[in-house]
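Thanks for coming. I will go through one structure, starting with a sheet, then some helices, then the place where two chains meet.

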Amino acid sequence: METKQEPILEVKNLSIQFGGLKAVDDVNFKVNRGEIVSIIGPNGAGKTTVFNMLTGVYQPTNGQIFFKGEEIQGKTPQNIVKAGMARTFQNIRLFCDMRVIQNVLLGMHTNTDYNFFDLVFHTPKYRKLEREKQQKAVDILKFLDLDRYLHDYPTNLPYGDQRKVEIARAIATDAQLLLLDEPAAGMNPEESEELLSFIRSLVTKGFTIVLIEHDMNLVMNISDRIYVIDHGRKIAEGLPQEIATNKDVIVAYLGEEEEEDQLEEVEHA
Amino acid sequence: MKHNNAKKNLLDTKPKKIAALVVMVALVLYLPKSGLLSPYLVRILTMISLYSMLSLSLNLLTGFTGLVSIGHAGFCAVGGYTSALMWQYLGLPWLVTAICGMIMAGVVGLMLAAPTSRLSGSYLTIATLGFGEIVKMIALNWQSFTGGPLGVNHIERPEFFGITLTTFNGGFFYLSIILTALVTLFVYRIVNSKMGRAFMAIRDDSLAATMMGVDVTAYKMKSFVISAAIAGLGGAFYVHFVRFLDPNTFNFDISIIIISIVILGGTGSIPGSFLGAALLISFPEILRFASEYRFIIYGLILVLMMRFKPEGILGGHSHRPFRLMKGVESYGN
């Protein structure tokens, strides 16, 4: 209906089972290039598990993941990063005894192509590549308005900026698809407002974004499409306004009315 | 969070750096010849230099990669035995035997790292402890080859250009300084490369490192191999220096001294390894008057250290700005 849409990520019948628990059950979704797609759902719904399967931490028991048209399930995390997908974490996982710029440089690990001999003897290749990567790291920090923290250690940064350093590190991998796991967690309304425009600016720079988020204000304002997961199953998908009025979603988040009545009765008793 | 950009350091320009280096080298060359130092002191300085090298090796593994080894003397023993036995059976010159010792220690490092690569924390540490003891037991029981408890005696001193190195002509001192300088440069370059960053990332958060594309298992093994090879070189130097080697030469105490130096000097700090070695190797000498009480003092220092500055004297976050390569535009930061 709109412009030609090309899926960068397509997930078919994705399932994973831990013992008897179906953590993710038959989930399908699709992300087009240049979109912001959100995955929402109550705590424990299996959102982060989906991310973990996409990035190769867990092997799905069933289903297929296509990234840029290529099947990636079963590949190692290194190869998935190389293919162009990078993530951030729900709890900030920066390398806290490395400087901000070293964190970003680490993001470039897979595409820094010098070997042991080069680094020991400081060959021209090492000098050229290392200078290039350092410049690129500084430029990424500059782009995210973090360059003033270049020399600092991440733990000395304000919370919101630590999140941004994590995004900087993900961008440094040359990823086209960024998976952001609750980027607004622990942010105050102003910070999350700032994050909103920041994520939008990423899209204008050509990134595609999949977002896991609890902050409904952020999700409703930013997402092109939303998928809702509950108890490992996809219960709804659609545009933000559709999701906001979807009965199943309201039930998943707030519970059914009868249950609430019962609860009230118990409380009154 | 401001850093002093316009640092007016005395040693800022290249000619000044070279000049400082030349002065230092001249001083080092002159020291043993000056008559200011007794052979006893030259020997202690040689030992400090040797232990600096060993601590750098362990620091790479423990300080930078976060893998704690308390069997590091095992790698020294492998290097030492390889070198001593190659001299004994094949009569090869020191340089050759030492390089073989290094390689052998590296190979053994790989043999230890491969099965333990999935271990972390204390489990790995216990495995390294076991490794140190295994090396000792092999040396003790393989009598026909290693000489068993009698060890290898009268090991030949290294000879370069017809000059035999001794403590008296300062030869061992010079050799140890050269080796330590090379190892320092080597470790420094590793730490400031993608390899060093991968090591540190594994230390700080190995899952996040995996997710950023670091092959954690491979890099843990690389760290082990490099660290073991340097320790092997140290061992190969030491046995030709003291000219005697038995299974007890590199025992558990040596492993503990090395790890204590790393902890005291500062985990993840290259200068820290030098400071730690200087302090811990000279302590027992300075405290000779205290006879057996000196180990109580020694222990007390370590306990106080762990209580008040667990990251070590020179460990922890650096306050100096990160050194970008020349030609990198930092936009005034």
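Before the sheet, one definition: two strands pair if DSSP finds at least two bridges between them. Please also keep in mind that this is a predicted model.

With that in hand, take strand β7 of chain A, residues 177-181. β7(A) and strand β8 of chain A, residues 208-212, pair in the parallel sense over 5 bridges. Within that pairing, A:Leu178 has A:Ile209 in β8(A) as its bridge partner. β7(A) also has a neighbour in strand β6 of chain A, residues 85-87, which runs parallel to β7(A) and is joined to it by 3 bridges. There, A:Ala86 stands opposite A:Leu178. So that you have the general picture: strands of a sheet pair through backbone hydrogen bonds, either parallel or antiparallel.

Is β7(A) mostly covered or mostly exposed? It is mostly covered, as 5 of its 5 residues are buried. In a regular strand the side chains alternate between the two faces of the sheet. In β7(A), the residues A:Leu177, A:Leu179 and A:Asp181 point one way, while A:Leu178 and A:Leu180 point the other way. Both groups are buried.

Now the whole sheet. It is open and has 6 strands of chain A, in the order β6-β7-β8-β3-β9-β10, with mixed pairing. Which strands are at the edges? They are β6 and β10 of chain A, the latter being residues 233-238, and each pairs on one side only. From one strand to the next, the twist averages 20 degrees. Further along the order, strand β3 of chain A (residues 36-40) and strand β9 of chain A (residues 225-230) pair in the parallel sense over 4 bridges. In that pair, A:Ile40 stands opposite A:Val228 of β9(A). A helix also lies across this sheet: α7 of chain A, residues 189-204, crosses β3, β7 and β8 of chain A and runs at about 150 degrees to β8(A).

Next, chain B and its helix α3, residues 72-90. I will take two of its packing partners in turn.

The first partner I will take is helix α4 of chain B, residues 94-116; the two axes are 8 Å apart and the angle is about 140 degrees. Why is this pair called oblique? Because an angle over 145 would count as roughly antiparallel and 65 to 115 as roughly perpendicular, α3(B) comes out as oblique to α4(B). Their crossing is right-handed. The residues of this contact divide into 10 nonpolar, 7 polar and no charged.

The other partner is helix α10 of chain B, residues 216-242, which packs against α3(B) at about 55 degrees with the axes 6 Å apart. That angle makes α3(B) oblique to α10(B) as well. This crossing is right-handed too. On the α3(B) side the contact includes B:Phe75, B:Gly79 and B:Ser83, and on the α10(B) side it includes B:Gly232, B:Gly235 and B:Tyr238. By class, this contact has 11 nonpolar, 8 polar and no charged residues.

Last, the two chains together. How many residues of chain A are in contact with chain B? There are 40, and they meet 33 residues of chain B. Helices α2, α3, α4 and α5 of chain A each give two or more residues to that side. The largest share, 6 residues, comes from α5(A). By class, the chain A side has 15 nonpolar, 13 polar and 12 charged residues.

Methods
Residues numbered from 1 in each chain as written. Chains lettered and ligands numbered in written order. Predicted model: local features only at pLDDT ≥ 70, side-chain atom pairs only at ≥ 80, totals over all residues. Axes fitted to C-alpha atoms, helices over the stretch in contact; angles between N-to-C directions. Parallel < 35°, antiparallel > 145°, perpendicular 65-115°, else oblique. Left-handed = near helix turned anticlockwise from the far one by under 90°. Nonpolar A, V, L, I, M, F, W, Y, C, P; charged D, E, K, R; others polar. Contact = placed C-beta atoms within 7 Å. Buried ≥ 20, exposed ≤ 12 C-beta atoms within 10 Å, placed from the backbone.
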